[in-house]
Amino acid sequence: MYLRKTILATGVAISALATASFAHAEPTAEVLHWWTSGGEAKAVAALKEDFEANGGKWVDSPVAGGGGDAAMTVLRSRVLSGDAPAAVQLKGPAIQDWAEQGALADLNDVAEAEGWDKVIPPAIQNVMKYEGDYVAVPVNIHRIDWIWANPALLAKVGATEVPKSWDEFNALADKLKAAGITPIAHGGQPWQDATIFETVVLGLGGPEFFQKAMVDLDEDALKSDTMKAVFDQMRKIRGYVDADFPGRDWNLATAMVMNGEAAMQIMGDWAKGEFLAAGKVPGKDFICSAAPSDNGYLFNVDSFAMFNVSGDDKVAGQKLLAELIVGQKFQETFNLLKGSIPARLGVPLDKFDDCAKKSEADLLAAQDAGGFLPSMAHGMALRGHLSGAIVDVVTAHFNSDMSSDEAVSRLVEAVELAKD
């Protein structure tokens, strides 16, 4: 409550302003983000270049470290002192948290002029809006439920493609293991355990079950036989990873697949960037395949939220930045660098690889089937304390001999405690 009062006292409420009010204002935007290396840094540089080419003044405020945790610490301090940046990299429920505090400006005038409701998938609109108002803009869509595979290793046991069911997956993994090949490359970090877990939840339960269990936190779903089967499958997967998995970073696990040290990895499509950076070709040097599911698609979206600021130049900067981010040019440039696909529907994919084209085709099919769903493991479906409760149980189970029955009981208990 104190934070909300402070924000409302120090922030400036921004309403839709007439274009004429910006006629003599140089659009200025201070952008707070944590994209400081690799393709992400190149992508931010491309946005800066585009912004400045359209008459804007870019003030770069990068905060490295902690996967965004350090940036959020800086943000909170800035907002409390009445000095919020114009645009901030935020994602998922964090957008709603700040909107509830009265800290975010709406972008409805830009959204209406640019027709965002027609080009942004409805499920992503729900994340970008607060009480019907656009307060943030999406830059990309990452798919979580991918399997990346080494075709040469699969061929050693007579396989030419990634399995289409989890029973087939287990049968292939057993063959690989018997042949002395590590079936699954995995890094033993909680978020990586959770990535596999939610992929299995979707694969075994289907989209409707995933929605009930991982989004709605329905108790009947959480304690169901289906959830027990999920933990049974997680126990099988635990037997398919090598002994050195604890603490391994995800990109090192990807390198194991790339270098022929393991056959498959279950990981989001940022893994593709590792293959491409090494000069590997999709369909030849590596296979990208959706994990088994019934027209499901787990998404993670990076986005920028616009905070309440004072001054026509800053407000004009926010609106110009928002327009450019959702525009086709930036959506193409950014996602080619990031390894994801555009959050804007209809962006030509001529320059994108076959994995990206498959991702968009699956996205459209999942939307039609009601299977386009927010990732729990990557902060899209739940607020942090709720997803954290689930991940703690998942990791404890994966790293011990805990039974599936006990895991289900702990999961139900942990979620109920987190709700309170």
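In this predicted model, G339 follows directly after helix α16 and adopts a positive phi of about 95°. Helix α16 itself spans residues 328-338, and its buried residues are F330, Q331, E332, F334, N335 and K338. An α-helix has 3.6 residues a turn, so residues three or four places apart point the same way. The buried residues of α16 are covered by elements that include helices α2 (38-53) and α15 (312-326) as well as strands β6 (136-138) and β7 (142-143).

G339 also takes part in the contact between the two assigned domains. The domain assignment of the protein places residues 2-140 and 301-357 in domain 1, and residues 143-299 and 368-419 in domain 2. The centres of the two domains, taken over C-alpha atoms, are 31 Å apart. The contact draws 17 residues from domain 1 and 17 residues from domain 2. The size of an interface is often given as the accessible area lost when the parts come together. For domain 1 and domain 2 this buried area is about 1400 Å², of which 62% lies on carbon and sulfur atoms. On the side of domain 1, the residues that lose the most area to domain 2 are P93, G339 and C355, and together they account for 38% of what that side buries.

Polar interactions also cross this interface. Between domain 1 and domain 2 there are 3 salt bridges, and 5 residue pairs are in polar contact, counting pairs with both residues at pLDDT 80 or more. The side of domain 1 that touches domain 2 receives at least two residues from each of α4 (93-100), α7 (122-128) and α17 (354-369). Of these, α4 gives the largest share of that side, with 4 residues. A salt bridge is also formed by K272 and D353, whose closest N and O atoms are 3.1 Å apart.

Helix α4 has P93, I95, Q96, W98 and A99 as its buried residues. As with α16, a glycine with a positive phi comes just after the helix: G102 follows α4 with a phi of about 80°.

Positive phi values were also found outside glycine. Most residues other than glycine have a negative phi, and most peptide bonds are trans. E131, a residue other than glycine, has a positive phi near 50° and is located in the loop that joins β4 (129-130) to β5 (133-134). Because its relative accessibility is 69%, over the cut-off of 50%, E131 counts as exposed. N295, likewise not a glycine, has a positive phi near 55° and lies in the loop between β11 (287-290) and β12 (297-300). With a relative accessibility of 41%, N295 counts as partly exposed.

The nonpolar interior was examined next. In soluble globular proteins, nonpolar side chains tend to be buried together. The largest nonpolar core of the model has 77 residues, and the members that touch the most others are F197, M214, M227, M264 and I390. Helix α10 (residues 190-215) contributes the largest share of this core, 10 residues. Leaving out residues up to four places away in sequence, M214 touches F197, V201, L222, M227, M376, A381, L382 and I390. A further core of 65 residues lies apart from the largest one and includes L32, A87, L320 and A366.

Two further positions illustrate contacts between residues separated along the chain. A418 is part of helix α19 (residues 404-419) and, at 17% relative accessibility, counts as buried because the value is under 20%. Its C-alpha atom is 9.8 Å from that of G384, a residue 34 positions away along the chain. Beyond four places in sequence, A418 touches H385, L386 and A389. G247 is placed in the loop between α12 (225-238) and α13 (250-258). With a relative accessible area of 47%, G247 is partly exposed. The C-alpha atoms of G247 and G188 are separated by 4.9 Å, although the two residues are 59 apart along the chain. Outside its neighbours within four places in sequence, G247 is in contact with G188 and Q189.

Note on methods
Residues numbered from 1 in each chain as written. Predicted model: local features only at pLDDT ≥ 70, side-chain atom pairs only at ≥ 80, totals over all residues. Heavy atoms only, no water. Core = buried A, V, L, I, M, F, W, Y, C linked by side-chain atoms within 4.5 Å. Buried < 20%, exposed > 50% of the residue type's maximum accessible area, 1.4 Å probe, protein only. Contact = heavy atoms within 4.5 Å. Domains from an automatic or database assignment. Buried area = accessible area lost by both parts, 1.4 Å probe. Salt bridge = Lys/Arg side-chain N within 4 Å of Asp/Glu carboxyl O. Polar contact = N/O pair within 3.5 Å; in protein donor to acceptor, adjacent residues only side chain to side chain.
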